[in-house]
Amino acid sequence: PILSPQLHVGRAHALNGLERFQSAENDALYALKIILRDREEDASAAEAYSVLGKSLYYAKDYRGAIEAFEECERVWVQNGGKLSVFDEAYLDQAHDALDAGLGIDYDDGASIGGGKSVMSYGVKSVVSSVKEGKSISNIPKLKPPRFVSREEALKATPNLPPAPKSWPKQTPTTPTTVKVGPEREVLFLSDQMGIKLNRGTDGIVRVMSVSEIQPGSSILRKGKVAAGDLVREVCGVDLRRPITATMWGDTVALIKMTPRPVSFIVAEEVTPNAFPASPRAPQASSPRPTAAEI
């Protein structure tokens, strides 16, 4: 069956989440092929350029990603819109990675009658070839995606690994009142967030560790978050009060399935004898956590 451009774009997003970047690139190209031959470039074309740029970025083809996001911006401007904050962040990161000398060049993959990589021609050349009616070969056809309802996705709570036995259980000295500093917003733009969260037996969610963002990293976020911060709100879920293990499992599933960008409200913990930020050096008063790396 012939899929619509929207289905190709949706599947490309899903394939990126599975780290099947080449397949995601193929779906994005198929979406562009249908759009460019059937009608003028509209918002659906911008979405196809956007997911193509992300696929190339994840595959470390930063030059191709820059071209794709620039085409995305061009189409949005033509249609009275603008590049999203999400795509702007990817474009900036791609420029930084390219300036740092990072990235790879492809010498295989989908071709336009010449046996070279599509991206070796450049995104703009590929678009011109499609408009001229040239065939794009070696792009495998995939089965249509299986629809998963929101209810089914929420019920599929991820299996979290058991906590290390070295982590002590909660003791009577665990503080019952949590004191926090000023709240601040952190915007996570990429699927991979680069943080590890922990719900202690006191029911409070804390940030256990934060990955540093390097040039070319697939992690994109705006705002400051640090190990030891308290998570006060995420995806509209109020975490200012203690939550149960079941609620925490649902919250983790919600974070993973929510389209990016995702907004977190965090705050520094100023409770005396607060729980340690790192599980590597637990104190006697620290709870046995339920951790989730996102």
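How many salt bridges does the structure hold? Here are some notes on that and on one pair of helices, written with the reminder that this is a predicted model.

1. The count first: there are 11 salt bridges in the structure. Three of them are taken up below, along with a network.

2. Helices H1 and H2 make a good place to start looking. H1 covers residues 5-17 and H2 covers residues 21-38; their axes come within 8 Å and cross at roughly 165°. Angles over 145 degrees count as roughly antiparallel, and H1 and H2 are therefore roughly antiparallel to each other. As for handedness, the crossing in which H1 passes H2 is left-handed.

3. Which residues make this contact? On the H1 side they are Pro5, His8, Val9, Arg11, Ala12, Leu15 and Asn16. H2 contributes Phe21, Ser23, Ala24, Asp27, Ala28, Tyr30, Ala31, Ile34 and Ile35. Sorted by character, the contact residues of the two helices comprise 11 nonpolar, three polar and two charged.

4. Arg11 and Asp27, both in that contact list, also pair with each other. Asp27 forms a salt bridge with Arg11, and the closest N and O atoms are 2.8 Å apart. The bridge links distant parts of the chain, with Arg11 in helix H1 and Asp27 in helix H2, 16 residues apart. Are these two residues buried or exposed? Asp27 and Arg11 are both buried.

5. A second salt bridge worth displaying is the one between Glu269 and Arg206, where the closest N and O atoms lie 3.0 Å apart. Glu269 sits in strand E7 (residues 262-269) and Arg206 in strand E3 (residues 205-210), so this pair ties together parts that are 63 residues apart in sequence. Glu269 and Arg206 are both buried.

6. The third pair has another kind of setting. Arg240 forms a salt bridge with Asp238, with 3.1 Å between the closest N and O atoms. Why does Arg240 count as partly exposed? Its relative accessibility is 28%, and the partly exposed class runs between under 20% for buried and over 50% for exposed. Asp238, with a relative accessible area of 47%, is partly exposed as well.

7. Finally, if you colour the salt bridges by connectivity, keep Arg240 and Asp238 together with their neighbours in the network. Through shared partners, salt bridges join Glu183, Arg232, Glu233, Asp238 and Arg240 into one network.

Key:
Residues numbered from 1 in each chain as written. Predicted model: local features only at pLDDT ≥ 70, side-chain atom pairs only at ≥ 80, totals over all residues. Heavy atoms only, no water. Axes fitted to C-alpha atoms, helices over the stretch in contact; angles between N-to-C directions. Helix = DSSP H or I, 4+ residues; strand = E, 2+ residues; numbered from the N terminus. Parallel < 35°, antiparallel > 145°, perpendicular 65-115°, else oblique. Left-handed = near helix turned anticlockwise from the far one by under 90°. Contact = heavy atoms within 4.5 Å. Nonpolar A, V, L, I, M, F, W, Y, C, P; charged D, E, K, R; others polar. Salt bridge = Lys/Arg side-chain N within 4 Å of Asp/Glu carboxyl O. Buried < 20%, exposed > 50% of the residue type's maximum accessible area, 1.4 Å probe, protein only.
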